[in-house]
Amino acid sequence: MAPDCIFCKIAAKEVASDIVYESDQVVAFPDINPQAPVHLLVIPKKHIANIGEIGSEDQDLLYQIGEAVKKLAEQYQLEDGYRLVTNCGTAAGQTVNHLHFHLLGGRNLTWPPG
Ligand code: 5GP
Ligand code: ZN
C-alpha cells in the first residue's frame with residue numbers, strides 16, 4: 001500500500017466506496033465523475049503505478065482483471081459493446097497513480113478519444 005494513495009485506501013476499504021466486484025487481487029467501483037451511464041474503475045488491490053510497472057509476477061492479476069471486466073460487462077448488460085481504457089502518464093491524462101482500467105459503456109462511444 002502506497003501512502004496517501006486514494007485507490008489503495010478504497011481497495012483496503014479504509015475509504016468507503018460502492019465496491020461492485022471483488023476477487024482476491026482486484027476490486028471495481030464506480031468512477032466519482034462518470035463519463036458514461038456505466039463508468040467503473042477496475043483496479044488491482046496492490047499498488048502498481050501504471051501499466052508500465054506490470055511485472056512477470058502479475059500474470060494472474062492481469063487474468064483477474066480480464067475476468068472482472070467480463071463479469072461486469074454481463075452484470076451491467078453491456079452486450080452492445082464497451083470500452084476499456086487505461087491512461088498512462090500525464091500526457092495521457094493519468095491523474096491517479098494507481099493502475100486502473102476505466103470500463104465505459106451504456107452509450108455509443110466515439111473514436112478517436114480526445
Ligand atoms: P485517470 O485520469 O487517472 O485516468 O482516472 C482517474 C479517475 O479516478 C477519474 O475518472 C476520477 O473521476 C476518478 N477518481 C478520482 N478520485 C476518486 C475517488 O476518490 N473515488 C472514485 N470513485 N473515483 C475517483
Ligand atoms: Zn495505490
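I began with Cys-8, which I find buried in this predicted model, its relative accessible area being 2%. His-47, which I looked up next, has a relative accessible area of 30% and is therefore partly exposed.

I then turned to the zinc ion (ligand 2), whose protein donors are Cys-5 through SG, Cys-8 through SG, His-47 through ND1 and His-98 through ND1, at 2.1 to 2.3 Å from the ion. Which arrangement do the 4 donor atoms around the zinc ion (ligand 2) make? I read the angles they subtend as 106 to 115 degrees, and the arrangement is therefore tetrahedral, since four donors count as such if all angles lie between 85 and 135 degrees. For reference, I noted that the ideal angle for four tetrahedral donors is 109.5 degrees.

Along the sequence, I wrote the spacing of the donor residues as C-x2-C-x38-H-x50-H. Because Cys-8 belongs to helix 1 (residues 6-11) and His-47 to the loop between strand 3 and helix 2, this pair ties together parts 39 residues apart in sequence.

My last entry concerns the sheet, which is open, has 5 strands in the order 1-2-3-5-4, and pairs them antiparallel. I placed strand 1 (21-22) and strand 4 (82-85) at the edges, where each has a single partner strand, so that one side of each is left without a neighbour in the sheet. Between strand 3 (residues 38-44) and strand 5 (residues 101-105), which run antiparallel, I found 5 bridges, and in strand 5 the bridge partner of Val-38 is Gly-105. Helix 2 (residues 59-75) packs on this sheet, touching strand 1, strand 2 (26-30), strand 3, strand 4 and strand 5, and its direction makes about 160 degrees with that of strand 3.

Definitions and conventions
Residues are numbered from 1 along each chain as its sequence is written. Chains are lettered from A and ligands numbered from 1 in the order in which they are written. This is a predicted model: local features need pLDDT of at least 70, side-chain atom pairs count only at pLDDT 80 or more; totals for chains, interfaces and linings use all residues. Side-chain values use heavy atoms; hydrogens and water are left out. Two strands pair if DSSP finds at least two bridges between them. Helices (H or I, at least four residues) and strands (E, at least two) are DSSP runs, numbered from the N terminus. Contact means heavy atoms within 4.5 Å. Axes are lines fitted to C-alpha atoms, for helices over the stretch in contact, and angles run from 0 to 180 degrees between N-to-C directions. Donors are N, O and S atoms within 2.8 Å of the metal (3.2 Å for Na, K and Ca); water is not among the atoms, so sites may look incomplete. Four donors count as tetrahedral if all angles lie between 85 and 135 degrees; four count as square planar and six as octahedral if opposite donors are over 155 degrees apart and all others between 65 and 115; anything else is irregular. Buried means under 20% relative accessible area, exposed over 50%, partly exposed in between (1.4 Å probe, protein chains only).
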